[in-house]
Amino acid sequence: MNSAVRLPGRFSRHALLIATAAVPLTGWAAHAVTLHKRLAATRKDPLTGLLRRDAYTARARRLLARHGDKITALMVDADHFKTVNDTMGHAAGDAVLAAFGARLTAWAGPNAAVGRLGGDEFAVVLELSVAHREDRLQQLVRMLHTPVTLDDGRTIHVAASVGAAAPDVLGTRDLTALQRAADAALYDGKHTGQAVLATKETVTVPSINGRRAGRPGTAVWGRAA
């Protein structure tokens, strides 16, 4: 008696072998997609969608190596952010951070490095011509001072301080040096409503861990961005 299983219709044994062999390949493909998504998640901040520190730093350094003196580095802080959290709640604070992330992304464009370094602190490295630098920086300040409307209809009046640094001004393409100068420039213009471009004198400001001395978090040694 022939105990062989007869496959219905035109589905041959050869087709069965192909289908069986494809199962683990399909499994690996799904696994690869999952790994890719997990890797992307580790590179991006879940709240703002901006690059995390390590991913931002790597992209920023590539831009500096590729475009050199055409690059501008920015440090951005949300002003009075603690007050928003304390008076309106952390959900409102999260909405402000998400809005800042979206505005920075829209302003900088797809080829820039835009990162959230932590808390209400952001960094941007982008190609920006000298002729348009001042106008573009003030445009960013205006964008970051636009009120944020919450889902419940409440409006939050927001502001940000912006410091910038450029290799053509400072004579260096080192990311840490540029961010340190931009950070000092940011504090020179804190709460003024103006973006400040670092000068060579700004580089002399004392720093710890690549950041302006006295800035929150600089008392602990660690890896500079």
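Helices α2 and α7 lie roughly perpendicular to each other, in what is a predicted model. The angle at which helix α2, residues 53-67, packs on helix α7, residues 175-188, is about 105 degrees, and the two axes are 10 Å apart. On the side of α2 the contact is made by Tyr 56, Thr 57, Ala 60, Arg 61 and Leu 64, which meet Leu 175, Thr 176, Leu 178 and Gln 179 in α7. Sorted by class, the residues of this contact comprise five that are nonpolar, three that are polar and one that is charged.

A further helix pair is formed by α4, residues 90-108, and α5, residues 130-144, whose axes come within 10 Å and cross at roughly 155 degrees. Because angles over 145 degrees count as roughly antiparallel, α4 is described as roughly antiparallel to α5. The crossing in which α4 passes α5 is right-handed. From α4, the residues Phe 100, Arg 103, Leu 104 and Trp 107 take part, and they meet Arg 136, Leu 137, Gln 139, Leu 140, Met 143 and Leu 144 of α5. Seven nonpolar residues enter into this contact between α4 and α5, together with one polar and two charged residues.

Helix α4 also packs against α3, at an angle of about 145 degrees and with the axes 6 Å apart. Here Phe 81, Val 84, Asn 85 and Met 88 of α3 meet His 90, Ala 92, Gly 93, Val 96 and Leu 97 of α4. The contact of α3 with α4 contains six nonpolar and three polar residues, and no charged residue.

Turning to empty space within the model, one cavity of 30 Å³ or more is found in the structure. The space in the largest cavity amounts to about 30 Å³, and its lining consists of Ala 78, Asp 79, Phe 81, Val 84, Val 96, Phe 100, His 157, Val 158 and Ala 159. Two elements, α3 (81-88) and α4, each give two or more residues to this lining. Phe 81 and Val 84 of α3, and Val 96 of α4, belong to the contact between these helices and also line the cavity, whereas Phe 100, another residue of the cavity lining, takes part in the contact of α4 with α5. By class, the lining of the largest cavity is made up of seven nonpolar residues, one polar residue and one charged residue.

Among the pockets, the second largest holds about 170 Å³ of space. Its lining is formed by Lys 44, Gly 49, Leu 50, Leu 51, Arg 59, Thr 105, Gly 109, Pro 110, Ala 112 and Val 114. Of the residues in the lining of this pocket, five are nonpolar, three are polar and two are charged.

Definitions and conventions: Residues are numbered from 1 along each chain as its sequence is written. This is a predicted model: local features need pLDDT of at least 70, side-chain atom pairs count only at pLDDT 80 or more; totals for chains, interfaces and linings use all residues. Side-chain values use heavy atoms; hydrogens and water are left out. Axes are lines fitted to C-alpha atoms, for helices over the stretch in contact, and angles run from 0 to 180 degrees between N-to-C directions. Helices (H or I, at least four residues) and strands (E, at least two) are DSSP runs, numbered from the N terminus. Angles under 35 degrees count as roughly parallel, over 145 as roughly antiparallel, 65 to 115 as roughly perpendicular and the rest as oblique. A crossing is left-handed if the near helix is turned anticlockwise from the far one by less than a right angle, and right-handed if clockwise. Contact means heavy atoms within 4.5 Å. Ala, Val, Leu, Ile, Met, Phe, Trp, Tyr, Cys and Pro count as nonpolar, Asp, Glu, Lys and Arg as charged, and the others, Gly among them, as polar. On a 1 Å grid over the protein atoms alone, a cavity is a set of points where a 1.4 Å probe fits but cannot get out, and a pocket is an open set with protein on both sides within 12 Å along at least five of seven lines; lining residues have an atom within 4 Å of a point. Grid points are joined across faces, edges and corners, and a volume is the space filled by probe spheres set on the points.
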